[in-house]
Amino acid sequence: MPTIDHPILDDAVTFPRSCHGEQPAGKDVWLYAGLAGFALVLLGAPVFTALWDLWMTREDYSHGFLVPLISLYLIRLRWEAIRGLPIRPAFFSGIGLLLPSLAGLLVGIAGGVITVSSVSFIGLLAGLTLFLFGCRFVQLLAFPLAYLVFMTPFLDVVVDPLHHPLQVMGAKVVSTLFQNAGVPTYLDGTFIYFPNGVLEVAVQCSGAGFVISALAIGVPLAALVLHSWWSR
């Protein structure tokens, strides 16, 4: 059975002998893959148009331009192992992932909810891979596909609650520094009042949003360079 010897994974990755719903591939699998790819381009056009606007307008998501390229590079590192896998489509498992992903994609596009549409598009990629090629391909491509979440605003649900506490902490630090320098200040939440003016520690100053950018670069770098899970 195929294995990968690369620091991005453990020293050796083995695959299960069977996957529920797998069947030997037919001769037309590559034709179906081409048609699916064409459909993905059509479905993904409005998603990536919205993502492009996000990457252009939000500084904390400017790394989004790099994420698909890094994902392709991660796939390239595994290409020899991918080529050696037998194509055994998992039709039923693939349909089980495709249908909710397609529904989420259409709902997200229709409602203009970029988080839903972009995450559903990643699910659609995984579902098509499972449907056309089998679970071994999905297992091998799991990390590059999951990494694509960094190009979406999905992680905002984790970062948004951090903004206000970090704003308050930043305001306290700045106020303390001015007081130690002999400048009188009065602190009210995220506002610092001076004798001749007021300073607000804005949301952009919290630094929470840039945690995503740091992770987007740090996660693949750690996977490529560091060999053990604890060091990563």
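This is a short tour of a predicted model, stop by stop.

**Stop 1: the whole chain**

Start with everything shown as a cartoon. The chain holds 8 helices and 3 strands. Trace the chain from its start, and the order reads α-α-α-α-α-α-α-β-β-β-α. Now colour by burial. Of the 232 residues, 38% count as buried. Next, think about contacts between residues at least 6 apart in sequence. Of these, 72% join residues at least 24 apart.

**Stop 2: α1 and α4**

Select residues 29-57 for α1 and residues 91-111 for α4. How do we describe such a pair? Two packed helices are described by the angle between their axes and the distance between those axes. Here the axes come within 11 Å and cross at roughly 45°. That angle makes α1 oblique to α4, because an angle that is neither under 35 degrees, nor over 145, nor from 65 to 115 counts as oblique. The crossing is left-handed.

Show side chains at the meeting place. From α1, pick Leu43, Pro46 and Val47. From α4, pick Leu102, Leu105, Leu106 and Ile109. Which classes of residue make up this contact? There are 7 nonpolar residues, no polar ones and no charged ones.

Notice the numbering in these lists. An α-helix has 3.6 residues a turn, so residues three or four places apart point the same way.

**Stop 3: α5 and α6**

Move to residues 114-132, which form α5, and residues 135-147, which form α6. Their axes lie 8 Å apart, and the packing angle is about 155°. α5 is therefore roughly antiparallel to α6, since the angle is over 145 degrees. This time the crossing is right-handed.

Show the side chains again. α5 brings Ile122, Leu125, Ala126, Thr129 and Leu130. They meet Cys135, Phe137, Val138, Leu141 and Leu145 of α6. By class, this contact has 9 nonpolar residues, 1 polar residue and no charged ones.

**Stop 4: Pro144**

Stay on α6 and select Pro144, which sits in this helix. Is Pro144 buried or exposed? Pro144 counts as buried, because its relative accessibility is 1% and the cut-off for buried is under 20%.

Now find what touches Pro144. Leave aside neighbours within four places in sequence. The contacts are then Ser71, Leu74, Ile75 and Arg78. Try a distance too: pick the C-alpha atoms of Pro144 and Arg76. They are 9.9 Å apart in space, yet the two residues are 68 apart in sequence.

**Stop 5: Pro153**

Follow the chain out of α6. Pro153 lies in the loop between α6 and α7. Pro153 also counts as buried, because its relative accessibility is 7%.

Which residues touch Pro153, leaving aside neighbours within four places in sequence? They are Leu51, Leu54, Tyr61, Ile114, Thr115 and Ser118. For another distance, pick Val116. Its C-alpha is 9.3 Å from that of Pro153, and the two residues are 37 apart in sequence.

**Stop 6: α8**

Finish at residues 210-225, which form α8. This helix has 16 residues. From the first C-alpha to the last it reaches 22 Å, close to the 22 Å expected at 1.5 Å a residue.

Now highlight the buried residues of α8. They are Ile212, Ser213, Ala216, Pro220, Ala222 and Ala223. What covers them? The cover includes α2 (67-77), α6 and α7 (156-180). Switch on α6 once more: this helix packs with α5, holds Pro144 and helps to cover α8.

Technical notes: Residues are numbered from 1 along each chain as its sequence is written. This is a predicted model: local features need pLDDT of at least 70, side-chain atom pairs count only at pLDDT 80 or more; totals for chains, interfaces and linings use all residues. Side-chain values use heavy atoms; hydrogens and water are left out. Axes are lines fitted to C-alpha atoms, for helices over the stretch in contact, and angles run from 0 to 180 degrees between N-to-C directions. Helices (H or I, at least four residues) and strands (E, at least two) are DSSP runs, numbered from the N terminus. A crossing is left-handed if the near helix is turned anticlockwise from the far one by less than a right angle, and right-handed if clockwise. Contact means heavy atoms within 4.5 Å. Ala, Val, Leu, Ile, Met, Phe, Trp, Tyr, Cys and Pro count as nonpolar, Asp, Glu, Lys and Arg as charged, and the others, Gly among them, as polar. The expected span of a helix is 1.5 Å times one less than its number of residues. Buried means under 20% relative accessible area, exposed over 50%, partly exposed in between (1.4 Å probe, protein chains only).
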